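Visitor: I've got a structure open and I'd like to learn how to read it piece by piece. Could you walk me through it?

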Amino acid sequence: MNAKQPDLNAYWMPFTANRQFKESPRLLTKADGMYFTDDQGRQVLDGIAGLWCVNAGHNRPRIVRAIQEQAAELDFAPPFQMGHPKAFELASRLAEITPEGLNRVFFTNSGSEAVETALKIALAYHRARGEGHRTRLIGRERGYHGVNFGGMSVGGMVANRKMFGTLLSGVDHIRHTLDIQRNAFSVGLPAHGAELADDLERLVALHDASTIAAVIVEPIAGSAGVLLPPQGYLKRLREICDKHGILLIFDEVITGFGRTGQPFAAQTFGVTPDLMTVAKGLTNGCVPMGAVFARQSIHDTFMQGPAHLIELFHGYTYSAHPLACAAGLATLDTYADDQLLTRAGEMAGHFAEELHSLRNEPHVIDVRNFGLVGGVELTPRPGEPTKRAFSVFLDCWEQGVLVRTTGDIIALSPPLIASRDDLSRMVAAIRTALRRLA
Ligand code: PLP
């Protein structure tokens with residue numbers, strides 16, 4: 001054991017096999033650009049932008065400086081009935097890059113909180129316009145919307161749900177969009193499955209549209225293993241929502257801020273939701289922050305009563321925290337300076353070629369890609385689901401490349417500054433691991 005290693009017992013780690021980790025810890029001590037440094041001094045190429053969040057790469061001077069200066073100038077400002085200039089500035093700057101019409105911004109501290117906030121706004125919006133009977137929330141199988149009760153309920157990953165009781169009532173799910181039989185090894189968006197959006201019509205027929213407040217989906221489902229929307233699927237979902245007066249919420253916590261080649265996947269796919277949740281790349285992962293972007297008409301619906309009354313009884317102590325706002329502004333500047341919000345589109349071709357070169361490697365049953373998101377699905381080891389992909393993760397770590405796995409799927413979501421060589425090296429590490437593992 002490393003002499004400098006801390007006592008590992010007290011920290012109960014999130015989404016981690018604690019005992020296995022503590023037997024053989026992986027500790028990161030520094031980061032710069034595309035690389036982490038571990039406690040052994042090894043350089044580790046970051047294939048997942050930290051956790052789909054460090055889109056501009058690590059340790060960007062402008063962001064670091066902004067946080068340092070902000071901490072020395074205004075450490076905290078109460079967000080209720082008070083404000084500070086950078087909160088308004090950041091909201092305005094964001095509204096310049098959001099899809100058309102989504103120009104009102106509510107700040108949270110995480111993606112999970114952004115999801116809870118969006119769901120609450122959806123419910124309260126319908127009530128404010130006299131349709132308080134619209135209380136039902138619809139998610140999608142294999143969706144991930146964070147870990148709080150609302151997000152967990154509309155989420156569709158069984159391991160995240162099964163331990164926590166009955167969750168919210170009045171929630172239902174449409175079918176997920178993964179169809180390996182028809183779409184395996186599609187380059188970019190799969191051709192088959194737009195009709196899966198019609199599953200929403202099934203739920204409308206079952207529950208009646210008048211009971212449904214909103215549908216929430218990730219344009220690309222990340223945490224469940226890179227599930228892509230079939231061509232035409234999101235447009236169809238939008239049409240069905242419009243037909244029935246149902247709000248469409250896009251959870252862009254991982255697709256936001258350049259991952260798909262435009263600032264937001266809504267723009268890449270040409271479908272505008274009514275509400276959108278973001279986090280992660282909003283501050284380049286440097287300070288926790290999330291946000292909900294709302295259509296102005298939704299916001300304005302709340303602005304009808306007496307002006308001295310609070311319109312929405314919701315918010316967090318750390319909503320629009322000064323450090324997060326400073327980080328957010330400097331992050332937007334960095335994205336603009338380096339033209340990162342469109343770079344994924346330029347790198348997508350090379351990335352796709354590299355990823356799909358894994359097609360004939362052992363155990364690979366599907367490769368999925370879009371922008372700078374990639375997924376490689378493996379057959380599970382008999383009786384030991386998840387172990388094969390996790391072995392690939394460990395092997396890549398040994399090779400000095402950080403990838404992520406979920407189930408038996410390996411996911412890549414490199415920082416948007418990644419060079420062609422960086423992308424090639426990530427894929428090469430996966431190839432090496434696949435070839436030497438059972
Ligand atoms: N929504 C989506 C689509 C996510 O991918 C995540 C996190 O990965 C979340 C919500 C939750 O975000 P956080 O972990 O910041 O609460």
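Guide: Happy to. Let's start with a hairpin: β1 and β2 form one, with two residues between them. In that turn, Gly 33 has a positive phi of about 60 degrees. One thing to keep in mind throughout is that this is a predicted model.

Visitor: How does β1 pair with β2, parallel or antiparallel?

Guide: The general idea is that strands of a sheet pair through backbone hydrogen bonds, either parallel or antiparallel. Here β1 and β2 (residues 35-38) run antiparallel, joined by four bridges. You can follow the register by eye: Leu 28 sits opposite Asp 38 in β2, and Lys 30 faces Thr 37 in the same way, standing opposite it.

Visitor: Which sheet does the hairpin belong to, and what is its strand order?

Guide: An open sheet of four strands, ordered β1-β2-β3-β13, with mixed pairing. β1 (28-32) and β13 (401-402) each have a single partner strand, so one side of each has no neighbour in the sheet.

Visitor: Before we go on, how confident is the prediction?

Guide: As a general rule, where pLDDT is low, the predicted coordinates should not be read in detail. In this case the protein chain has a mean pLDDT of 97, and 99% of its residues reach 70 or more. The model's scores are ipTM 0.99 and pTM 0.98.

Visitor: What is the order of the strands in the antiparallel sheet?

Guide: That open sheet has four strands in the order β11-β12-β15-β14, with antiparallel pairing. Its edge strands are β11 (364-370) and β14 (404-406), each pairing on one side only. From one strand to the next, the twist averages 20 degrees.

Visitor: How many bridges link β11 and β12?

Guide: Six, in the antiparallel sense, with β12 covering residues 373-378. To find the register, look for Val 364, which stands opposite Leu 378 in β12.

Visitor: Which helices pack there?

Guide: Take helix α14 (residues 343-356), which lies across β11 and β12 and runs at about 175 degrees to β11. Helix α15 (residues 387-399) also packs on the sheet, touching β12, β14 and β15 (409-412). The direction of α15 makes about 175 degrees with that of β14.

Visitor: Why is β8 described as largely enclosed?

Guide: Count the neighbours: a residue is called buried if 20 or more other C-beta atoms lie within 10 Å of its own. Five of the five residues of β8 (residues 247-251) are buried, so the strand is largely enclosed by the rest of the structure. Leu 247, Ile 249 and Asp 251 point one way, Leu 248 and Phe 250 the other, and all are buried. As for pairing, β7 (residues 212-217) runs parallel to β8, with four bridges between them. Ile 216 stands opposite Ile 249 in β8.

Visitor: What should I make of a positive phi outside glycine?

Guide: Most residues other than glycine have a negative phi. Asn 59 has a positive one, near 60 degrees, and lies in the loop between α2 (49-52) and α3 (61-73). Asn 284 also has a positive phi, about 55 degrees, and is found in the loop between β9 (275-278) and β10 (290-294).

Visitor: Is Asn 284 buried or exposed?

Guide: Buried, with 29 C-beta neighbours inside 10 Å. Asn 59 is partly exposed, with 15 other C-beta atoms within 10 Å.

Visitor: Where might I look for a contact between residues distant in sequence?

Guide: Try Ala 66 in helix α3, which is buried with 25 other C-beta atoms within 10 Å. The C-alpha atoms of Ala 66 and Gly 328 are 9.2 Å apart, although 262 residues separate them along the chain. Leaving aside neighbours within four places in sequence, Ala 66 is in contact with Ala 326, Ala 327, Leu 329 and Ala 330.

Visitor: Finally, which residues come nearest to the ligand?

Guide: Among the 14 residues around the ligand, those are Ser 110, Gly 111, Ser 112, Gly 146 and Val 253. Helix α5 (residues 111-128) supplies the largest share of the shell, three residues. Sorted by class, the shell has five nonpolar, seven polar and two charged residues.

How values were computed:
Residues numbered from 1 in each chain as written. Predicted model: local features only at pLDDT ≥ 70, side-chain atom pairs only at ≥ 80, totals over all residues. pLDDT = per-residue confidence, 0-100. Near = placed C-beta within 6 Å. Nonpolar A, V, L, I, M, F, W, Y, C, P; charged D, E, K, R; others polar. Pairing = 2+ DSSP bridges. Axes fitted to C-alpha atoms, helices over the stretch in contact; angles between N-to-C directions. Contact = placed C-beta atoms within 7 Å. Buried ≥ 20, exposed ≤ 12 C-beta atoms within 10 Å, placed from the backbone.
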